[in-house]
Structure formats: C-alpha cells, structure tokens
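Me: I would like to go through the ring pairs, the nonpolar cores and the internal space of a protein chain. Please keep the answers short and end each on what was asked for.

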Amino acid sequence: MSRRIGSFFAFRPNRRLRTSRWLALFAIGAMLGGTVLLFKLSLGKLHAVSVAMNRSGVGIVQESGQAAAAETTDAGEPPGDRGGGDRPPAAEDKPRPSPARDKGASSGGEKAEATKEPEIRVYLTGEKRVETVPLETYVRGVIAAEMPIEFELEALKAQAIAARTYIVRRLERGDGSGVPVKGADVTDTIEHQVYVSLKELEDKWPEADRESSMRKLNDAVAETKGQIITYAGEPIEAVFFSTSNGHTENSEDYWQQKVPYLRSVASPWDEKLSPKYKETVELSLQAFYGKLGIAKKGRAKPAIRVTEKTEGGRIGRITIGETDFTGREVREKLGLASSQFTWRVKGDTIAITTYGYGHGVGMSQWGANGMAQEGRTAEDILRYYYTGTRVEQASKLPFVSNS
C-alpha cells in the first residue's frame, strides 16, 4: 500500500514483506558465522600441525624413568673384553655433526623420514658381506651374541641399553674406526660388539627352546626401546666385560685415560656365579720367557715381583727378571683371562692362576646378573657400574653415512 505525500509517494511495507526481509538478514548472518567458524578451525588445525612438526624436529635426549636391560657371551681375544675391545674410550670427545642417512633434509616429508629408526650396517666378517638392519634389530643381535639367554631379564635389558648406547655414540661421532670395508658402521666382532646375524639367530637355540628364548630376547629389546646411558647429556662409552675379580677397574688403570663414569666399584656377585671367575694355565718356562720377550737365565727360577696394584685389586706393574711390565702387558702377551693373577713355578713350568675374565672396566656381565637375581632393575645395574650416569630416552637418534 502507498499514499501520496506532496509530490512523493510514501511506501509502507506490509507485514509479509517485513518478515521476508528479516529471514534474508538471518540467512546472511548464518552464512557469515559459519565462514568465521571454519576459518578458526583451519587456523587451529594448522597450529596443531606446526606444533607436531616442531616436536619431531628438536631435542637429542629426553629423560625417561623406564628401566633398561642386557646379556653376554665370553668369546674373544683378549678374552672377556667388550664394548670397544682394548681401544681407550674417547669420553672427552665432543659430538660431531653427522649427515642424515635417509634421502633429503629440506621438505616436510623428508624431515619426517629423518626421524625414522636408523639403520645399522654390520660387516659380517665370516661371510664378508654387509647386513643392514634397523637399530633395535641390531641391538637384539648383540644381546644374543653377548649374553646367555638364561640370564635374568633385567640383566639382559641392561646389556641391551649398553649395546644401544655404544652404537648410538659411535654413529653420533661418525666413528668408522676398525671397519675394514666402506659402507659399514661396525663389524660383528669384539673390535666393536659381537653380533649374531638374522640368519644365525634362527638356529642359535635348540628347537624346543627357540620360541621362549626369542620371546625373552625380544622383551629385553622392546622394554628398553630407544634407551641409552648418558653422562652430562652425552652418550657414554659403554664398555663391559665378562667377570670381575671382585671389583671393577678405574679406566686410567687400564687405558691410562681417566673417564669420570668408569670408576672402580665392588662386584661381589661374580665369584659365586661366574664359571670363569678362576682359571689356571700352565706354560713351560721357555714359552713364558719367549712370549714376554725376555731372555731366560739358565735354569734359575724367574724372579717375579709385583710393584704396584690398581684400585680394583689387579696388578698395575710387575717386574719379571730385570724387565718391568704393566699387568695389562703381561695379560696380553701371555693371553691370560685377567690382569689379576698369582703364579707358582715348579721345575721347568709355571702355573698362573687368574681371577676374573676381561679388562675389568665398566659393567661386569656376571655381576649384572647377580644384581638382577637380587631384584635390582636394569637401571639400578647401569647406574651402579657407570658412576654418575642416567638412563634416558633418545628422542632423536643420530644417523651417519661412512660412504
């Protein structure tokens, strides 16, 4: 309806038209509100993705309260030495940057690839080939080679963490020492860590015990996945050996290099448990002198005198005839199980009795099993044998390429 006012017409909307206008305005408002809501949700999703990417790309170690574990065998030259053989630990070295093994390092997808479990390239000396396996598979192969499966699970877990720490430290530093071929990170010998290949693992135990042994081995790895031992925020040189003489050694008493976490501690479990605690070997005096590189003086008994003992009770220095040796030198020249020994000369032979098996530095494997039997956890064991250390979760494992 309309009515004339002067020369203009006034328009008076009816009720139906007013209602239509309000419905239109309501529809427009609803559309605008929905658009704003969708925009906010998109922003929130983008923020969440950004946070996730940041979390996946930062940090080297993150503390974990979970316990760790281990296992061992007693093969090797010199006998009983593990976790780097007789090579002195490089505890004072700073980590060196290592190139990513996975392809690419710039795009988001490539960055995600770099956070995958690293692969370890093991040179199998007997087969003269390289076997490439994921880190945790490598750790499993080391435990199987280095510790009897009959050991307590917590001891096996302690060995797993020590083995993982050793290879993580090696990769972090780009350490390719002792590898005879290109394209490998470690060998399967005591030069690094003894390792059982995937093929050998299938036949390691009798068929009746295979399933239970593999389950126990897998548990030791799974329950410690990603865990390493650190000191001052860095992976340690996790050396270990078979059997102590009642104490472990200070690092400087064997390698002439003081490492703060490789300190002498009591290890009373070994004597009672380890079949390798005590061993006697006999040598002719001619062989004895010949291996030591000293001249035999007629039929006279050799004059042997210990001049220095280590804090761990082993022979630090010894004089044989007119020649001075360290206990380690005598052990290695004569192929003895330990540098703690006594001797007895009878006629033209000398009987040497050793106590303990291995270099004595770091974790005693039989001692670890004794602690586990008393109810100690893997973390308890590791913190005991590696003074002042922590068991932590590696949130970003290092990659290295030796090619």
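Me: How many aromatic pairs does a search of the whole structure find?
Reply: The model is a predicted one. A pair of aromatic rings is described by the distance of the centres and the angle of the planes. Searching the whole structure on that basis, the number of aromatic pairs found is nine.

Me: Which kind of pair do Y231 and Y261 form?
Reply: The ring centres of Y231 and Y261 are 5.5 Å apart, with 50° between the planes. Planes under 30 degrees apart would count as stacked and over 60 as edge-to-face. The 50° angle fits neither class, so the pair is tilted.

Me: How many residues apart in sequence are the parts that the pair of Y231 and Y261 ties together?
Reply: Y231 belongs to strand 8 (residues 227–231). Y261 sits in the loop between helix 7 (252–255) and helix 8 (269–273). The pair therefore ties together parts whose separation in sequence, in residues, is 30.

Me: Which of the two, Y231 or Y261, is buried?
Reply: Buried means under 20% relative accessible area. Y231 has 30% relative accessibility and counts as partly exposed. With a relative accessible area of 3%, the buried residue is Y261.

Me: How are the rings of Y384 and Y385 arranged, and what is the burial of Y385?
Reply: The ring centres of Y384 and Y385 lie 5.2 Å apart and their planes are at 80°, so this pair is edge-to-face. Y384 is partly exposed, at a relative accessible area of 28%. Y385 has 0% relative accessibility and therefore counts as buried.

Me: Which residue do ring pairs link with Y384 and Y385 into a cluster?
Reply: Y384 and Y385 form an edge-to-face pair. Ring pairs also bring a tryptophan into a cluster with these two residues, namely W269.

Me: Which element gives the most to the largest nonpolar core?
Reply: This core has 58 residues, and Y138, M363 and Y386 touch the most other members. The elements giving two or more residues to the core include strand 5 (119–124), helix 3 (135–146) and helix 6 (207–222). The top contribution is nine residues, and the element that gives them is helix 4.

Me: Which residues does Y138 contact, leaving aside its neighbours within four places in sequence?
Reply: Y138 is one of the residues that touch the most other members of the largest nonpolar core. With neighbours within four places in sequence left aside, its contacts are I120, V122, V133, I167, V186, Q193 and Y195.

Me: How much space lies in the largest cavity?
Reply: The structure holds one cavity of 30 Å³ or more. The lining of the largest cavity includes F288, L334, F341 and W343. Strand 13 (315–320), helix 10 (327–334), strand 15 (341–346) and strand 16 (349–355) each give two or more residues to that lining. The space in the largest cavity is about 40 Å³.

Me: What separates the C-alpha atoms of P235 and R169?
Reply: P235 lies in strand 9 (residues 234–235) and, at 4% relative accessibility, counts as buried. Its contacts, leaving aside neighbours within four places in sequence, include T165, V168, R169 and E172. P235 and R169 are 66 residues apart along the chain, and their C-alpha atoms are separated by 5.5 Å.

Technical notes: Residues numbered from 1 in each chain as written. Predicted model: local features only at pLDDT ≥ 70, side-chain atom pairs only at ≥ 80, totals over all residues. Heavy atoms only, no water. Phe/Tyr/Trp six-rings, centres within 6.5 Å; stacked < 30°, edge-to-face > 60°. Helix = DSSP H or I, 4+ residues; strand = E, 2+ residues; numbered from the N terminus. Buried < 20%, exposed > 50% of the residue type's maximum accessible area, 1.4 Å probe, protein only. Core = buried A, V, L, I, M, F, W, Y, C linked by side-chain atoms within 4.5 Å. Contact = heavy atoms within 4.5 Å. 1 Å grid on protein atoms, 1.4 Å probe; cavity = no way out; pocket = protein on both sides within 12 Å on 5 of 7 lines; lining within 4 Å. Points joined across faces, edges and corners; volume = space filled by probe spheres on them.
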